[in-house]
Amino acid sequence: MIGKRFLAPKIIIPILCLILLLFVPLFVGTYTLHMLILIFFYAYLGQSWNILGGYAGQLSLGHGTFFGLGAYTSTLLFIHTGLTPWLGIFIGATLASVCGIFIGFLSFHFGLKSHFFALATIAFAEIFRLFANTIQWVGGAQGLLVPLKGNNLFLFQFVEKEPFYYIALGMMILSMGVVYLQQNSRLGFYFIAIRENEEAAKALGIDTLKYKILATAISAFLTALGGTFYAQYVLYIDPPGAFGVLVSVEIALRTIIGGTGTIFGPILGSFVLSPLSEIIQSVIGVGKSGVYMMVYGAILMIVCLVMPNGIFPYVRKFFK
Amino acid sequence: MAMLEVHGLRKEFGGLLAVKNLDMQLDASEILGLIGPNGAGKTTVFNLISGFLHPSTGEMKFQGENLIGLKPHQVCLKGITRTFQTAQPFQSLTVLENVMIGAFSQGRKLSLIREKALEILQLVGLSEVQNQEASSIPIASQKRLELAKALATKPKLLLLDEVMAGLTFTEISEVLSILKKIRESRITILLIEHVMHAVMSVCDRIIVLHHGEKIAEGNPKQVAGEKSVIDAYLGEDFALA
């Protein structure tokens with residue numbers, strides 16, 4: 001919790017890791033690079049979710065709302081006005097934040113907690129998915145293709161994977177920085193206090209409604225940035241791929257498996273889960289419909305049963 | 001001027017009248033005991049003052065300012081902090097971090113808040129366990145942690161809900177000496193307590209509640225001698241003692 005615990009090897013190891021990661025693209029093939037981009041990307045999304053779901057303890061299973069708003073906003077602005085996604089990304093994130101404030105206010109003002117809050121967030125994501133599905137102006141069910149203009153840094157478009165690799169790595173580090181800062185500030189203490197005991201937090205002068213909404217807004221903002229990255233990387237978005245329940249679950253899952261409310265949980269979760277789902281898919285094959293999902297699900301259940309607090313607390317104990 | 005003024009306070013839960021037209025006054029630096037049998041409405045009075053519940057009717061003023069309609073955190077920021085009957089620690093945080101949460105109402109600077117929290121841990125005698133998880137310390141220490149968290153918010157008025165319940169005789173006398181220290185720093189205390197010898201020794205004044213109604217008020221001696229109080233709460237043994 002307090003910075004001093006991460007002294008010595010705990011500072012040096014991450015720095016070495018970072019240097020290593022910076023040079024990785026020189027040595028690996030496109031597929032591995034793609035794998036790593038996904039790992040960073042999901043670690044980033046997991047970390048964004050972690051602020052609300054992990055630190056502030058409000059279980060959201062509807063982060064697709066914010067992810068999709070980010071992806072759709074920057075893409076629509078790019079298609080219709082030619083605005084560079086570098087600006088669109090922030091407009092999308094701001095919009096997602098405003099939406100987060102709205103959802104947060106509505107849910108928390110009426111006292112929604114734990115699974116009830118989770119249901120509300122799912123409902124909002126579904127509303128957005130259905131809107132995106134039926135409104136032709138935003139692409140309807142076919143979704144949107146991001147027009148490819150070739151290698152163009154200004155337009156956030158690259159033919160090679162390397163630039164995406166570095167952007168994804170940068171985003172992951174950024175999210176860790178944000179979480180580190182909040183962890184070592186009053187804000188983070190208040191988030192944890194609300195998670196641990198909301199009544200006690202109120203009694204000590206914490207405006208729990210305000211801080212829960214704030215956590216939602218920050219989390220939404222960061223998640224939406226990830227949405228734009230996804231759109232630029234894949235160059236195609238559709239309603240289930242942006243607002244769908246699976247998206248929301250994938251965002252939350254990495255952190256829940258890795259360890260909620262910890263800075264390394266989402267990173268660890270993503271390094272374990274993202275390759276796992278890829279490997280299972282390639283070994284079993286996506287073709288035999290559903291089998292891969294069953295195996296994936298079984299592994300998740302085992303992890304949840306054996307390590308209910310996620311993997312990271314065990315790793316931390318091991319190093320102590 | 002009275003620090004806390006309560007007039008005609010009334011709280012109904014459906015058909016149940018929990019607090020019935022309570023009048024109460026607290027002067028600065030006073031320790032006022034609130035006693036009475038289980039279900040007398042003592043904790044409800046705390047919930048009303050601290051904003052966790054809203055009264056059906058009545059007036060409450062703190063240093064001349066209206067308290068009605070304020071939310072719990074607003075009441076706390078005005079200078080009234082409560083503790084809970086069953087300790088409510090932030091489980092996964094350390095003892096020190098628990099107290100820091102309270103101290104953050106005084107500012108944002110981490111190092112400063114840490115120092116303030118350490119001072120308070122010293123005062124309540126929890127310095128030795130400061131780095132242990134709050135859930136891992138014994139109940140007696142958790143009760144003191146409740147007190148420490150509340151103190152960290154720099155209250156002018158402290159509402160203590162049974163901070164001595166379930167403690168041993170020695171532990172109680174330790175808490176009593178802490179309370180006396182707190183009073184020296186000019187903090188006013190409203191105390192709910194069942195441990196009678198503690199109440200008698202530390203309180204300046206006592207109010208006795210029974211079925212949500214005030215049945216007696218006065219200094220410990222007067223109250224202990226009153227027949228209605230003996231009948232409703234203390235019993236013959238204590239009166240003779």
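Here is a walk through a two-chain model, from the overall build of chain A to the contact between the chains and then into chain B. Keep in mind that this is a predicted model.

Let's start with chain A. Its secondary structure comes to 14 helices and two strands, so expect to be looking at a lot of helix as you turn chain A around. The C-alpha trace spans about 55 × 45 × 40 Å along its principal axes. A compact globule with 320 residues would have a radius of gyration near 20 Å, and chain A, at 19 Å, agrees with that. Of those 320 residues, 48% count as buried. The contacts in chain A also reach across the sequence: take the ones between residues at least 6 apart, and 76% of them join residues at least 24 apart.

Now bring chain B into view. Where do the two chains touch? On one side there are 17 residues of chain A, and they are in contact with 23 residues of chain B. On the chain A side, the elements that give two or more residues are helix 7 and helix 8 (198-203). Helix 7 of chain A provides the largest share, with six residues. Sorted by class, this side of chain A has nine nonpolar, five charged and three polar residues.

Helix 7 of chain A turns up again once you move into chain B and look at helix 3 (residues 95-103). How many of the nine residues of this helix are buried? Nine of the nine are, so helix 3 of chain B is largely enclosed by the rest of the structure. The buried run goes from B:Val95 and B:Leu96 through to B:Gly102 and B:Ala103, and it includes B:Glu97 and B:Asn98 along with B:Val99, B:Met100 and B:Ile101. What covers these residues? Part of the cover comes from chain B, including helix 4 (110-124) and helix 5 (139-152), and helix 7 (186-196) of chain A is also among the covering elements.

Next, the strands of chain B. Strand 9 (residues 205-210) has five of its six residues buried, so it is largely enclosed too. Strand 9 of chain B has pairing partners that run in opposite senses. With strand 3 (residues 31-35) of chain B the pairing is parallel, over four bridges, and B:Ile35 has B:Val208 of strand 9 as its bridge partner. With strand 10 (residues 213-218) of chain B the pairing is antiparallel, over five bridges, and here B:Ile206 stands opposite B:Gly218. Strands 9 and 10 of chain B form a hairpin with two residues between the strands, where B:His211 takes a positive phi near 50 degrees.

B:His211 leads us to a couple of other backbone spots in chain B. B:Gln63 is a residue other than glycine with a positive phi, near 50 degrees, and its place is in the loop between strand 4 (57-62) and strand 5 (65-66) of chain B. B:Asn21 isn't a glycine either, yet has a positive phi of about 40 degrees. B:Asn21, though, sits within strand 2 (residues 16-26) of chain B. Are these two residues buried, or partly exposed? B:Asn21 has 14 other C-beta atoms within 10 Å, which makes it partly exposed. B:Gln63 has 16 within that distance and is partly exposed as well.

Technical notes. Residues numbered from 1 in each chain as written. Chains lettered and ligands numbered in written order. Predicted model: local features only at pLDDT ≥ 70, side-chain atom pairs only at ≥ 80, totals over all residues. Buried ≥ 20, exposed ≤ 12 C-beta atoms within 10 Å, placed from the backbone. Contact = placed C-beta atoms within 7 Å. Pairing = 2+ DSSP bridges. Nonpolar A, V, L, I, M, F, W, Y, C, P; charged D, E, K, R; others polar. Rg over C-alpha atoms; globule rule 2.2 N^0.38 Å.
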